[in-house]
Amino acid sequence: MSNRIDYGNLMHDAMRGLIRKVLTDVSENGLPGAHHFFISFGTEHPEVQIADWLRDRYPDEMTVVLQHWFENLDVGEDGFAVTLNFGDSPEPLYIPYDAIHTFVDPSVEFGLRFETQGEMDDDDDLDDYDDDLDDLPEHEVVDMGDREERDHKAKPKGEAEVVSLDSFRK
């Protein structure tokens with residue numbers, strides 16, 4: 001048994017469950033309104049199934065769009081299969097949830113990004129993280145991932161904002 005709770009993997013599992021639920025609904029009912037998805041995934045993942053010419057063209061990462069033309073969306077426990085049109089050529093794909101890097105629905109400005117975090121060594125000093133937490137407002141949610149990205153002061157356009165949940169409390 002580990003002496004730490006692996007919040008990163010627990011959160012990734014929950015986010016993959018959300019993707020599975022959304023895709024299941026789309027497979028049963030179609031895309032509602034203006035919703036559409038940009039899904040980036042690692043083509044090097046051993047369970048990804050794509051045509052050889054696509055793997056040659058995208059050896060590391062590929063982004064697909066589920067919007068106007070897609071067929072045979074089959075959502076499973078570990079991944080989903082879909083047929084997409086590449087230059088008037090239908091190609092079947094299988095994408096395991098573990099291979100997904102980003103899932104974005106720009107119609108509602110929603111996005112998920114999966115980042116791999118190296119496991120902390122037992123020698124790592126957690127006091128640095130504790131000091132950072134002391135300076136935060138009481139109800140703020142923070143991704144304790146990459147310190148360099150977290151410390152960057154300029155917020156790029158389109159990034160998510162931290163939202164206080166106080167107004168929803170009774």
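1. Helix 1 makes the greatest contribution to the lining of the second largest pocket, supplying five residues. The model is a predicted one, and the points below should be read in that light. The second largest pocket holds about 160 Å³ of space. Helix 1 spans residues 7-29, and together with strand 6 it makes up the elements that give two or more residues to this lining.

2. The lining of the second largest pocket consists of Leu-18, Lys-21, Val-22, Asp-25, Val-26, Leu-31, Pro-32, His-35, Phe-37, Phe-103, Asp-105 and Phe-110. By character, these lining residues divide into eight nonpolar, one polar and three charged. Phe-103, one of the lining residues, also takes part in strand pairing, where Phe-103 of strand 6 stands opposite Ile-39.

3. The sheet to examine next is an open one, formed by four strands in the order 2-1-6-7 with antiparallel pairing. Strand 2 and strand 7 (110-113) are the edge strands, each pairing on one side only. On average, neighbouring strands of this sheet are turned by 10° against each other, with direction ignored.

4. Within that sheet, strand 1 has a partner on either side in the order 2-1-6-7. Strand 1 and strand 2 (residues 61-66) run antiparallel and are joined by six bridges. In this pairing, Met-62 of strand 2 stands opposite Phe-41. Strand 1 and strand 6 (residues 100-105) also run antiparallel, joined by four bridges. Two positions may be inspected here: Ile-39 faces Phe-103 in strand 6, and Phe-38 has Val-104 of strand 6 as its bridge partner.

5. The burial of strand 1 deserves a separate remark. Strand 1 covers residues 37-42, and because five of its six residues are buried, the strand is largely enclosed by the rest of the structure.

6. A further pairing involves strand 3 (residues 70-75) and strand 4 (residues 79-85), which associate in the antiparallel sense over four bridges. The connection from strand 3 to strand 4 is a hairpin of three residues. As a point of reference, Phe-70 has Leu-84 of strand 4 as its bridge partner.

7. A search of the whole structure yields one salt bridge. In that contact the side chains of Asp-98 and Arg-16 meet, with an N to O distance of 3.7 Å. The pair links distant parts of the chain, the two residues being 82 residues apart: Asp-98 belongs to the loop between strand 5 (90-96) and strand 6, whereas Arg-16 belongs to helix 1.

8. The two partners of the salt bridge differ in exposure. Asp-98 has a relative accessibility of 54%, and therefore counts as exposed, the cut-off being over 50%. Arg-16, by contrast, has a relative accessible area of 13% and is buried, since buried means under 20%. Helix 1, which holds Arg-16, is also the element that gives the most to the lining of the second largest pocket.

9. A last acidic residue merits attention. Glu-91 lies in strand 5 and, at 14% relative accessibility, counts as buried. Glu-91 and Glu-71 are separated by 20 residues in sequence, and their C-alpha atoms are 9.8 Å apart in space.

Methods: Residues numbered from 1 in each chain as written. Predicted model: local features only at pLDDT ≥ 70, side-chain atom pairs only at ≥ 80, totals over all residues. Heavy atoms only, no water. Pairing = 2+ DSSP bridges. Buried < 20%, exposed > 50% of the residue type's maximum accessible area, 1.4 Å probe, protein only. 1 Å grid on protein atoms, 1.4 Å probe; cavity = no way out; pocket = protein on both sides within 12 Å on 5 of 7 lines; lining within 4 Å. Points joined across faces, edges and corners; volume = space filled by probe spheres on them. Nonpolar A, V, L, I, M, F, W, Y, C, P; charged D, E, K, R; others polar. Salt bridge = Lys/Arg side-chain N within 4 Å of Asp/Glu carboxyl O. Axes fitted to C-alpha atoms, helices over the stretch in contact; angles between N-to-C directions.
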